[in-house]
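User: I have a model on screen and want the reasoning behind its labels. Can you take me through the cysteines and the core?

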Amino acid sequence: MTTKIPFTFKYDFEYNKLEQLTPLIRRVTARNPSGFTFQGTGTYVIGHGDVAVIDPGPMIDEHIEALKESLKGEKITHILITHTHMDHSPAAEPLKAYWATPTYAYGPHGAGRIEQGVPVEEGGDMDFKPDVRIKNGDIIQGKNWTIECVYTPGHTSNHMCFALKEENALFTGDHVMGWSTSVIGPPDGNMTEYMESLQVLLDRDEDIYWPTHGTCIKDVKNYIQSFINHRLEREQQILDCLDEGFSMIKDMVPVMYTETDPAMYGAAARSVFAAMLRMLDTGKISCDGTPSLTGEYRLVL
Ligand SMILES: [Zn+2]
């Protein structure tokens with residue numbers, strides 16, 4: 001690999017504490033650290049008095065209590081959801097009940113895929129149904145804050161980013177994170193859409209990103225470009241493997257992921273599969289029969 005993604009692992013925070021980050025942005029971090037969530041889910045609070053919350057987080061009592069306690073005397077008027085993974089949307093329900101607040105999201109889990117007739121696997125928050133379904137370009141106006149909805153499918157088919165106009169900032173959910181690349185898990189995750197959604201961000205003018213996990217990202221254009229380069233280099237590695245006569249994903253993974261612990265080969269294989277689905281879309285490769293993790297692939301010459 002030649003592209004080095006400039007990840008940041010520094011994250012100053014304290015669990016269950018509402019911390020002021022900028023004039024309009026505060027954040028509480030939930031205690032759900034893991035290999036997918038970094039130190040935990042960062043629930044953002046926008047504005048003062050009448051506030052919006054972005055990604056309420058997982059159903060963890062102390063996290064929900066911390067939000068209620070630290071927002072005493074204020075009111076959550078909008079609950080915005082970037083996407084419906086279990087570490088993002090479940091806590092919407094108790095907050096909604098407490099403040100009688102409507103929830104805003106692109107749709108339920110799998111919304112962007114079900115519309116195309118593709119069944120979506122379990123693993124998301126299947127109970128979540130937004131009160132208000134939002135689309136790309138929608139504006140949500142609060143008290144002293146303005147949010148533009150930016151549809152960014154890829155990590156999930158219902159993923160939304162939220163632009164805070166007053167600070168020229170973008171809440172990027174799990175689409176772009178500072179500490180890791182995003183997991184693209186087919187069929188709900190889709191590499192073709194993910195790459196298009198990276199381009200959507202590249203074409204915009206926000207100065208700073210606030211992902212749901214980890215700290216903010218500043219040099220945003222270079223950061224996005226390094227993600228795009230990284231994925232294109234993976235595609236080139238796949239083409240090289242096919243050229244050398246490897247036709248199955250299980251044989252390519254040890255060649256491509258020389259620095260990865262073999263225990264992680266399963267995740268690596270799913271990532272290669274996601275990349276290959278995009279390469280099928282772009283006509284660079286073909287597959288005998290229905291594409292799958294165990295399928296046989298070949299170069300299109
Ligand atoms: Zn996610």
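Analyst: Start with the cut-off: a disulfide is a pair of cysteine sulfur atoms within 2.5 Å. Keep in mind that this is a predicted model.

User: How do you know whether C241 is in a disulfide?

Analyst: Check its closest partner. The closest cysteine sulfur to that of C241 is in C287, 16 Å away. The limit is 2.5 Å. That is too far for a bond, so C241 and C287 are not a disulfide.

User: What rules out a bond between C161 and C149?

Analyst: The distance again. Their sulfurs are 10 Å apart, and C149 holds the closest cysteine sulfur to C161. That is too far for a bond. The search of the whole structure finds zero disulfides.

User: Why is C161 called buried?

Analyst: Buried means under 20% relative accessible area. C161 has 0%, so the label applies. C241 comes out at 2%, so C241 counts as buried too.

User: Which residues have the most contacts inside the largest nonpolar core?

Analyst: I46, F162 and F171, in a core of 23 residues. Six strands each supply at least two residues of this core: β3 (42–46), β4 (50–54), β9 (146–151), β10 (160–164), β11 (169–173) and β12 (208–211). β10 gives the most, with three residues.

User: What does F171 touch, leaving aside its neighbours within four places in sequence?

Analyst: F171 is in contact with I25, Y44, I46, I54, C161, F162, L164 and W210. Apart from the largest core lies another, of 21 residues, among them I184, M191, L202 and Y223.

Definitions and conventions
Residues are numbered from 1 along each chain as its sequence is written. This is a predicted model: local features need pLDDT of at least 70, side-chain atom pairs count only at pLDDT 80 or more; totals for chains, interfaces and linings use all residues. Side-chain values use heavy atoms; hydrogens and water are left out. Buried means under 20% relative accessible area, exposed over 50%, partly exposed in between (1.4 Å probe, protein chains only). A nonpolar core is a set of buried Ala, Val, Leu, Ile, Met, Phe, Trp, Tyr and Cys residues joined through side-chain atoms within 4.5 Å. Helices (H or I, at least four residues) and strands (E, at least two) are DSSP runs, numbered from the N terminus. Contact means heavy atoms within 4.5 Å.
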